[in-house]
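The following paragraphs lead through a structure, from a sheet in one chain to the second chain and the contacts between the two.

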Amino acid sequence: MASTKTHYIGQWDTFHNNGPFPTKILFDTQLEPEGNMPSFMDRYNDASREIRRLLQDSIANNERFRAYGSAWSLSNIAHQRDRMHFNGRMNLKKPIDLNECYLPSSYKSENLFFFQCGNTIKEISEFLFKHGKSLKTSGASNGQTIAGCISTGVHGSAFDTGAVQDYVVGINLVIGPGPDDVVYIERSTRPALHDDFAAKINSRLIRNDGLFNAALVSLGSFGFIHGVVIEAEDLFLLKRYTRKITKEQALELAHTMNFADAGFKIPTELDANGKGIRPYHYKVYINPYNAQEDYVTEIIYKKPYRTDYPDPIPRIKTAIYKDLPTWIAKFAAKHNRLIPKLIKAMRGNIFPDLDVEMEGTLGEIFCDSTHQGPAFAFTLGIDHSDTRRALDLFIKLVNDEGPVPGAMALRFIKASEATLAFTRFPMTCILEMDGILWKGNQNMISMEEMEKRIIETFMAAGIKFTIHWGKNAAWSFPGLIDYMYGDLDDTWKNYRSALLSKQMADLFSNDFLDSVKLSDYSVNGLIV
Amino acid sequence: MNLYKTPRYTLVIISGLMLLLQSCYSVRISNVSGVPEPDPVNFDDGFYRGKAVHIIDTTVNLSLLENEVMVLETCPEGCFQTVEYRVTLGAALLSGITFGKMRKIKVKYVCLKESN
C-alpha cells in the first residue's frame, strides 16, 4: 500500500521564499516499493486509492486539500491553509505501448508516454532520452513537476512550439473519494489512447475538447492531477548563441518574428539564400535602468541529434554567498537610488555571458538551477505586436515608481488551446521582470504597490495583457480576470462545475482561487 | 589604553577572524544526472532547500596500524546525488597533532530520488 506521512507544519513556503503561509497539514505520499508490488498499473492504482482515502479524510474533517510538487510558483497558487499534499515522490513513468493507443490516431505511438504527477521535467527528460526522445519544450530550468507545469502554464521561449501544457494529450484526475471519482480526459477530436487504457487505470473515460482544454491549465483545482500522457518527439540538439542586439533590432524582431529578413543575423545560421533561419527560441535580456545599453539576446536553433558534440555542462560551478540576495534587498530598500548601479555591477550574475556558443539536448541547455534566495517575478503576456509600447511603458513605470531590484526579459510563445492559458495571444510576448524580493518603506515602493501599479498602468494604456499564474501580481485587483480573459473564465468555471460536485469544487479551491473569483460554482451555466 | 578600542587592533582581529573563517571551507560534488531525493519540509535557504539532507559528523580513532577510513551509507536508489565534504582548521589541527590517528569527518550528502 502507498503510505502517507503527515506533517503538522504550521506554515509552508514556496521554493522562492514568497511566504510563509499558514498551513495545518502537509501530506507526503510514498509509493509501495516495486519489490512488493511489481506491476506498474497496480502501483499506480494503489496510489490513486491512497489519494482517494486522503480526500475522504479531508471531507470528514471539513478541510480543503491541494496538491503541489516543487513549489516553484511565486504566487500563493499552490498554497492551501488546511491540507497540502506533496506529490514529488509519485513518479511512475512508462512509454505507451502500441496496443494502448487509439487507432487510427494523429499521434505516433512511439511518441506517447505516461507520467505520474510528481515527475520533474529533469526526470522526464532523462527517461525520454533513454528512449531516443525529448520533450518539445520546457521552462528555463528543470525542477518543476509535470503536474505543476501544466497547472500554471510553464513556458520557455520556443515560440513555434508552445508551453508545457501544449504537448499534453491526456489527463488522469482524481476528483473525489469514491471508486468512480477517477477520470481520464482527452480531446474528442484528437483521442490518444484506447478505451482500455482508462479501464486499466480504473478511470471513467471522458472525451471532450472543451473540458480537456479547461482542465489543461487547471490552477490545481480540477481535482488531483494524478498522471498525464504527453507527446514527445525524436531527440534533437539545440545550438545556443548569446549576442548583443540593439534595442531597435530586438523590437523589430519581436514585432515581426521575421528572422529571414531581419537586420540581426547569426552568420552561421543562414539558408542558401543568405536569409536568417527561423530559430527555435528567441529571448531578449534588458537592463531597465540604462536606456543607452544594448540588449542581450539568447537565440537557439534546433538541430538533428548527434553524439559528437562538446559537453555543454560546466565541470566547476561557483555560487554567490547564499545570504547576499537578502543583504542586497535590505541595502536596496535603504538606498534604492543605487539599484541601477548594483544591477550594472552584477551584470555577470544577471545576464548570460556574451558571445557564447554551445550545443546540447533540451535537458542539457535548460538544466539545473538552485535556490538563490527570496525572489519575485512580474510576468505579463501581451500580443507581440504590442511589445514596443508595453516595454517602454514597463521601463518607464519601474523607473518612475522604483527603481526596484530586478532586470527584464522578453520571451515569445504561440497561443495555447488551454482555456485559461496566459499564453493566449496568437503570438504572446512574455514581458517579465525577475529579481530579489524586497520590502517597501518610506523611500521605496512596496512590491504589493508595484503589482497594483503595473495593472493600473497597463489597463490605463489600453494594452491587453495576461499574467503568468505562477508569478507575483495583485491577483485580487477588481475586474482583473475579466480584463484578461473576457468570458473564458466563465467557460472554465462551467466546465469545472460540470466535472466536480459542489463539495469537491470547494475542497479543491484555495485562497488564490477565491481571490481571483474562480472558485465560484455554477449550476446549468449559472454561478451559484 | 584600551587596545581593543584602537581601530588598528580591531582591524587586525577582524582580519585574523576572517582568515580563520576562510580556512573552513567545503567542496560539493554533484551528479549531473538524476534528481535529488526531496524533503518537502526542508525550508533551509540555499542549495539544499527542499532536498533530503543526511549529515555525517563524527570523529574516528585509528589504531597504530590503520591509515584509512571508509564510511558506509545507504541510498534507496543506490547512488548519491550530492556529497559535500567540509574541511576545518580544527579538524586539520586535530589530525596533525595526533599524527593522523584522529580524523574528524563532516560530510553532508543527498541521495538520488527513487526512480519509478
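**The sheet of chain A**

In chain A, eight strands form an open, antiparallel sheet in the order E18-E15-E17-E16-E20-E21-E19-E22. Strands are DSSP runs of E with at least two residues, helices are runs of H or I with at least four, both numbered from the N terminus, and two strands pair if DSSP finds at least two bridges between them. Strands E18 (357-360) and E22 (465-467) of chain A occupy the edges with a single partner strand each, so one side of each lacks a neighbour in the sheet. On average, neighbouring strands of this sheet are turned by 20° against each other, direction ignored; axes are lines fitted to C-alpha atoms, for helices over the stretch in contact, and angles run from 0 to 180 degrees between N-to-C directions.

The model is predicted: local features need pLDDT of at least 70 and side-chain atom pairs pLDDT 80 or more, whereas totals for chains, interfaces and linings use all residues. Residues are numbered from 1 along each chain as its sequence is written, with chains lettered from A and ligands numbered from 1 in the order in which they are written.

Within the sheet, E15 (residues 236-245) and E17 (residues 295-304) of chain A pair in the antiparallel sense over 10 bridges. A:Lys244 stands opposite A:Val296 in E17(A).

**Chain B**

Chain B has two helices and four strands, which run α-β-β-β-α-β from the N terminus on. In chain B, 13 residues are in contact (C-beta atoms, placed from the backbone, within 7 Å) with 23 residues of chain A.

Notes. Two residues are in contact if their C-beta atoms, placed from the backbone, lie within 7 Å.
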